[in-house]
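Biologist: Please take a close look at one part of this model: how its helices pack against each other. Add whatever bears on the strands nearby in your notes.

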There are 2 protein chains.
Amino acid sequence: MGVELHKDLLGNIGVDVERHAKMMGAGLEAYKAGFMSQPNRPKAMAYFDWFMSEIQGERIAEINALRAAKKPAVGTFCIFVPEEIVTGAGGACYGLCGGSNATVADAETELPRNICPLIKSAHGFKLQRTCAYTQSSDFIYGETTCEAKKKTWEILNKHHPVHVMNIPHMKREKDLKMWQEEIKEFKEHIEEVTEKKLSLEEMLNGVKIINAKRAALQRLDALRGMNPKVMPISGKDALFITQMGFLDDPVRYTKKVNELCDELELRVQEGVSVFPANTPRIMVLGTPLAPPNWKLHTAVEGTGGAIINEESCIGHRYYKDNVDVEGVQNEDELYARLMERYSKIDCACFTPNTGRTEKIIQMYKDRKADGVIYYTLSFCHTYNVESYLVTEALAKEGIPCLVIESDYSPEDAGQIKTRVEAFLESISFKQKAQAFANK
Amino acid sequence: MGVELHKDLLGNIGVDVERHAKMMGAGLEAYKAGFMSQPNRPKAMAYFDWFMSEIQGERIAEINALRAAKKPAVGTFCIFVPEEIVTGAGGACYGLCGGSNATVADAETELPRNICPLIKSAHGFKLQRTCAYTQSSDFIYGETTCEAKKKTWEILNKHHPVHVMNIPHMKREKDLKMWQEEIKEFKEHIEEVTEKKLSLEEMLNGVKIINAKRAALQRLDALRGMNPKVMPISGKDALFITQMGFLDDPVRYTKKVNELCDELELRVQEGVSVFPANTPRIMVLGTPLAPPNWKLHTAVEGTGGAIINEESCIGHRYYKDNVDVEGVQNEDELYARLMERYSKIDCACFTPNTGRTEKIIQMYKDRKADGVIYYTLSFCHTYNVESYLVTEALAKEGIPCLVIESDYSPEDAGQIKTRVEAFLESISFKQKAQAFANK
């Protein structure tokens, strides 16, 4: 596998090669057991299976080839990063490792136990030097969206350069103006790293590439969730594909997602579903599920449900909006359009964030879903507090909802499975009662 | 007691009078047992004992008399509120109830369990209608300093009007500029509430009053903590006085604090200490201790230590800086000076916040303290994550440090006492070893 072939490179960028190889081996085994064993998978998943085998092998070699050619390599933890700019500079912009429990104990030597597992996991990867993406980064792109991250950057910065963007927490005109300046400064920082001016044309090209990636993911989202009678791909596979969108080369990835969508379109036409009829169709709301955090999807799809959407940062929130560059004449206009697009992200860090609730209800109706699971990573105050207002609105609409708060430890897997089972049963019962009533 | 006398008023402002009376009765009993029983208290504490008995009686009547005269009454949860402006308008600006465990269970019907107890307690007071300050408020002044508060305002706003100020989390020039605008908007909001223009002279008068209050507290801080051989007042009493500074009329309060300081000055001259010689002198760092949260001071001073300072928002962070209005000619200049003063607050919400660590070490040296306790309210991510960098710096200086994270439940009182005892013993041992070495 890729990791073996690239041992020297991994060593050169400071990866703890032995520990890393063990971790990647275990990850690949988990993937094989959990994903490749699924029946009736689309053929086009073969590419994503390959990518998984090269996730920290060939892909890392590609990123480091870009770096050797003086292109930027930027690691991120948030979808507020204007990846269009990095892509326009010919570089790689990717999400850093942060979904594993295996690094949490190390992180807890420097961080409190009771903060979000994603942050702890990511910090632990740096301390362990077991994430080749982190090791490949010219800098880590931090932001102020959540306070545990915001304060962790100060500690992480001792181990790796961190550049922090101040994301406002309101969306008044003056906040957006400030935000636009932050985007411009981010571009200037990229120029500093590459020691090269970045032109408007290059940035517009970056927008084109990332718009195409998001369009492909929107297409996947529709094929996966908008056909109540045919679900041509499992939620698990769709989540995995979305997760890989944060790591892969965007042009290749877009092509492969579109190829998969072509196959899924045929499946929809032919009525080929990977789930039996009447499988409860569940929307997932909330915080991101970073690989290899597949716990929730495993629980739902292992107990007779199907996940048709993730209203999360690794999901719909990431790809729902494109940048409109129609008529853009200069850099400032482009920054304004980028800001316009990024400020549509309905992260719970904003106050107020009422648009999110309305969007969720619309998504639910559009997809003719059967229920939602509001998922928050433990100690994520923003999504956690916001869940009260969202679930209150869902209750008013009569939408079945289960709230789950979980970290990366395997300990609550059984409890989650039991709760999900009961939730799915209640939905099935409701469906049957409805069918009788309609007779 | 005051509460009984003002039953009608309390009922009129929506207080649950019966429940409130019980709660206030219990609070006063706890105060009598914990504070009034202390030996050798300064005579001038009589005023603060009286204030405690009228804390939600006569003082509430005063505030509501102001309201009747169309003056603003603003409840707050944060020291970023420019109280100078409310005071300038002739109104009352006060901290809302948020230090009691008795309201937490109610709050948890709308808020997650795993957020800061102060927020839950405050929200619960509103749901229970057992805080006469909350009930007296024209509006609650919220801010975006911490995310659990920021998101709670959205829910609290359903029960009481909340006005939110966006506090930036960085202190770059552009952030400070935005901050200044927020101060101006706050003033305009006060004008809306009172339906009356607020003049520069009135605001300058407000600054004068609040500057005097802070100067009195600085004086108390010095008398209490800067004389290693004489500690003329207990830490518990000094904390209580500081807490009352968030509730009392500022002019009367300032006069009473200064009268107390006159007495303490005499005590210092005469060597009258409320602690035996060689009592370990402890500085408390971290999050605010809102009344009746006296758990930490009770633990420390009940086991042979003395608390000489609170580097906290209900403490040094609140009163350390005054507003310099020298030469101010117009309103914009005043807002700039207010912003300048408020941006000196080294809240952990800022990134970076390195100045805080340097300040702590300087405070420690100035006070010839013997150790510090870094105290955080449970789930306060900012102070909690920042504790790593602060305690690392303290360790480099060889400063003994104990980290305590706690909520309002009585359950960990025993454990905290045991940990504090061990900490104080280790300090005493070190002192004795030092004394032998110096012989």
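Modeller: What follows starts with helix packing in chain A and then turns to chain B. The model is predicted, so local features need pLDDT of at least 70 and side-chain atom pairs count only at pLDDT 80 or more, while totals for chains, interfaces and linings use all residues. Residues are numbered from 1 along each chain as its sequence is written, chains are lettered from A and ligands numbered from 1 in the order in which they are written, and side-chain values use heavy atoms, with hydrogens and water left out.

Take helix α12 (residues 200-225) of chain A and helix α17 (residues 331-342) of chain A. Helices (H or I, at least four residues) and strands (E, at least two) are DSSP runs, numbered from the N terminus. The axes of α12(A) and α17(A) come within 10 Å and cross at roughly 20°. Axes are lines fitted to C-alpha atoms, for helices over the stretch in contact, and angles run from 0 to 180 degrees between N-to-C directions. That makes α12(A) roughly parallel to α17(A) (angles under 35 degrees). Their crossing is left-handed (the near helix is turned anticlockwise from the far one by less than a right angle).

On the α12(A) side, the contact (heavy atoms within 4.5 Å) uses Leu200(A), Met203(A), Leu204(A), Val207(A) and Arg214(A). They meet Glu331(A), Leu334(A), Tyr335(A), Leu338(A), Arg341(A) and Tyr342(A) in α17(A). By class, that is eight nonpolar, no polar and three charged residues. Ala, Val, Leu, Ile, Met, Phe, Trp, Tyr, Cys and Pro count as nonpolar, Asp, Glu, Lys and Arg as charged, and the others, Gly among them, as polar.

Now helix α3 (residues 17-36) of chain A and helix α4 (residues 45-53) of chain A. Their axes come within 10 Å and cross at roughly 160°. α3(A) and α4(A) are therefore roughly antiparallel (over 145 degrees). This crossing is right-handed (clockwise). Gly27(A), Leu28(A), Tyr31(A) and Met36(A) in α3(A) meet Met45(A), Phe48(A), Asp49(A), Met52(A) and Ser53(A) in α4(A). Six of these residues are nonpolar, two polar and one charged.

In chain B, strand β1 (residues 73-76) runs parallel to β2(B), joined by four bridges (strands pair if DSSP finds at least two). Val74(B) stands opposite Cys93(B). From β2(B), Ala92(B) and Tyr94(B) point one way, Cys93(B) and Gly95(B) the other, and all are buried (under 20% relative accessible area, 1.4 Å probe, protein chains only).

Conventions. Parallel < 35°, antiparallel > 145°, perpendicular 65-115°, else oblique. Buried < 20%, exposed > 50% of the residue type's maximum accessible area, 1.4 Å probe, protein only.
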